[in-house]
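Student: Please take a close look at one part of this model, the place where chain B and chain A touch. Which elements and residues of chain B make up that side?

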Amino acid sequence: MTPTLTVENLSVAYEVTDRGGVWPSQRRVTALHPLSFEIAPGETLGLVGESGSGKTTAGRAILRRVDVAGGCILFQGADITRASGSRLRRLRAEMQLILQDPFTSLNPRMRIADLVGEPLTVHGRAGTRAELRGRVASLLERVGLPADSAERFPHAFSGGQLQRVGIARALALNPRLIVADEPVSALDVSVRAQVVNLMQDIQREEGLSYLFIAHDLAIVRQISHRVAILYAGRLVEIAGREAIYGRPRHPYTVALLDAVPVPDPPAQRLRQRTAPLAAPPDMGAAMQGCAYAARCPRATERCRAEEPPLAEIAPGHKTACWHPV
Amino acid sequence: MADSAARQAPSRRSRNGTRLRAFAAELGEDVPGLIGFLVLVGIVAMAIFAPLLAPHDPAAQSVLARLAPPAWLPRGNPAHLLGTDALGRDVLSRIIWGARATLLVGVAVVLLSGTFGVIVGLVAGYVGGRTDSILMRLVDIQVSFPGILLILLIVSIVGPSLTTIVVVLALTNWMIYARIVRGTVMSVRAAPYVEAAEIVGCGPARIILRHILPNLVSPLLTVAILEFTNVVLAEAAISFLGLGVQPPATSWGLDVASGRDYVYVAWWLVTFPGLAIAITVLSINLFANWVRVTTDPREREKRFGWSKTARRLAGRS
């Protein structure tokens, strides 16, 4: 079966203007180093990393929201790296985005019915007024919102309900891929699970794929089939969920998992901190060797000199490390 | 087909009817807004029906009756309710007739300059980059150029007329809209819901009209009202210089300007046209405030909440 999404050596660079001196100078910052992965139909890939690791950039590049510096993106087998104009517009119907903050990602001056119906309207799939109303009603029912919410404005809803509206909006066009950029991190802990469950139910019914970007490891574990770990714009480890959580191989993944607090204070106190506290790397600086070497307890001379390639160390389990755990 | 069309026609008419009723009901929730609206309607009606309402010919002079005070003062003449000016013309009639030029110039200039300024601001703010720089430098140049000089220049070439005043005033007043709109557009552009709209597949036109423009309503209304006052006074200044409204026609601004010389002997010459300007601006303000709240769903809900609470409290006592 053709994967829904194939990313090959995708890289992204930003031009940054330094205004420190008398004359502004341009500098190129690589936000994303060549990155490759696949997402199968009906599969969820969790994309995890700390702030500034490039996970949002990766999501935006796949949706063609930021310029791609190199590599290619295949959507259902077709190269979309250079798609533009009406083709890009049609592709947008197939790939949708769920944004992080539901309070700011819905226009406060539009009714829920208009917000959910908008994708259909702009793609000319609205049909008659009555048909559109029917479609909107079924979408709202699908995401578990009461039918009378259609005539209301966003401010009348809670964060969890608004994120349901965001999901309904993303679903309106029957996309094959949804990039969810931290869809639950702005929500109360109590409603996170509900929204994630909803996303899973929809996936089961529709067979669509998710790229689930998050930093909350527990949520990623719940929803993902496979997990990719980003560090400083590089893919450091990618494997099935059980492998990542059960037997992480990259020292950074180990450190991430150890950073999750254990809900038992004495046990928590006894745990050792594996990752030394250090500042996250400066993305602008030219780097030699492994990006994680400065923070890594296992780093050797080789790590500081040579960048490790992403290598398969077990079936379906790849990591970029000279000394995997 | 025909059957469904026949069924739809009356429903549309009734929808218009309910809309009108909804408008009236909603205006009723806000007493100041209602007052403003009614006064405005009255002023516009006064301008339209000036020939029927004015007791005298606004240009008729009478040396014998000059500088008569308002009717209720000693020496007042009951035929001239608000007194007469230095040439014996009836102040009330002049106010009634003057409403025409004043409202026409004020509204036309605000609409014309507003439309142009908003378009420039939308383009500059949305496109950004070099387009933005060029348009905004154009605004800077226009702002730094003394407006009255430009007006004198154009009017002395083209010749004074109502159309000339409108065009000339629009030409010197559009910049403020462009600046305000540009700023708002730039901030709204970065809002996540605009990105969401782009992802969904909205084109630039839809994003500007549906997602950005509605956010401009309140700042624009505020500026437009302030500008209306400015325009009325600017028109007075131009008319005072003899380049605007030409006698025997009149405007409120012209009356205020020409009555200034008599402030110490005949206060009513500046007071009544001045009051007319003030009342007009005040009622526009009250009504515009209602419009601003009504177009913002969040504010609107608050208003309903307030009036509901007020009714409940009233019912209790």
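Tutor: What follows describes the interface, then a cavity lined by residues of both chains. This is a predicted model, in which local features need pLDDT of at least 70 and side-chain atom pairs count only at pLDDT 80 or more, while totals for chains, interfaces and linings use all residues. Residues are numbered from 1 along each chain as its sequence is written, chains are lettered from A and ligands numbered from 1 in the order in which they are written, and side-chain values use heavy atoms, with hydrogens and water left out.

Contact here means heavy atoms within 4.5 Å. By that rule, 25 residues of chain A are in contact with 21 residues of chain B. The size of an interface is often given as the accessible area lost when the parts come together. Between chain B and chain A about 2300 Å² is buried, and carbon and sulfur atoms give 53% of it (accessible area for a 1.4 Å probe, lost on putting the two parts together and summed over both). Of the area that chain B buries against chain A, 29% comes from B:Ile199, B:Val200 and B:Pro297, more than from any other three residues.

The rule finds five salt bridges across the interface (a side-chain nitrogen of Lys or Arg within 4 Å of a carboxyl oxygen of Asp or Glu). B:Glu195 and A:Arg60 meet through their side chains in a salt bridge, at 2.7 Å from N to O.

On the side of chain B that touches chain A, the elements giving two or more residues are α9, α10 (204-212) and α14 (297-316) of chain B. Helices are DSSP runs (H or I, at least four residues) and strands likewise (E, at least two), numbered from the N terminus. The largest share of that side, eight residues, comes from α9(B). Its residues divide into nine nonpolar, five polar and seven charged (nonpolar: Ala, Val, Leu, Ile, Met, Phe, Trp, Tyr, Cys and Pro; charged: Asp, Glu, Lys and Arg; polar: the others, Gly among them).

Helix α9 (192-200) of chain B also gives two or more residues to the lining of the largest cavity, as do β6 (95-98) and α5 (159-171) of chain A. A cavity is a set of points on a 1 Å grid over the protein atoms alone where a 1.4 Å probe fits but cannot get out, and lining residues have an atom within 4 Å of a point. The space in the largest cavity is about 130 Å³ (the space filled by probe spheres set on the points, which are joined across faces, edges and corners). Its lining has 15 residues, and among those closest to its centre are A:Leu97, A:Arg169 and B:Ala196. Five residues, the largest share of this lining, come from α5(A).

Definitions and conventions. On a 1 Å grid over the protein atoms alone, a cavity is a set of points where a 1.4 Å probe fits but cannot get out, and a pocket is an open set with protein on both sides within 12 Å along at least five of seven lines; lining residues have an atom within 4 Å of a point.
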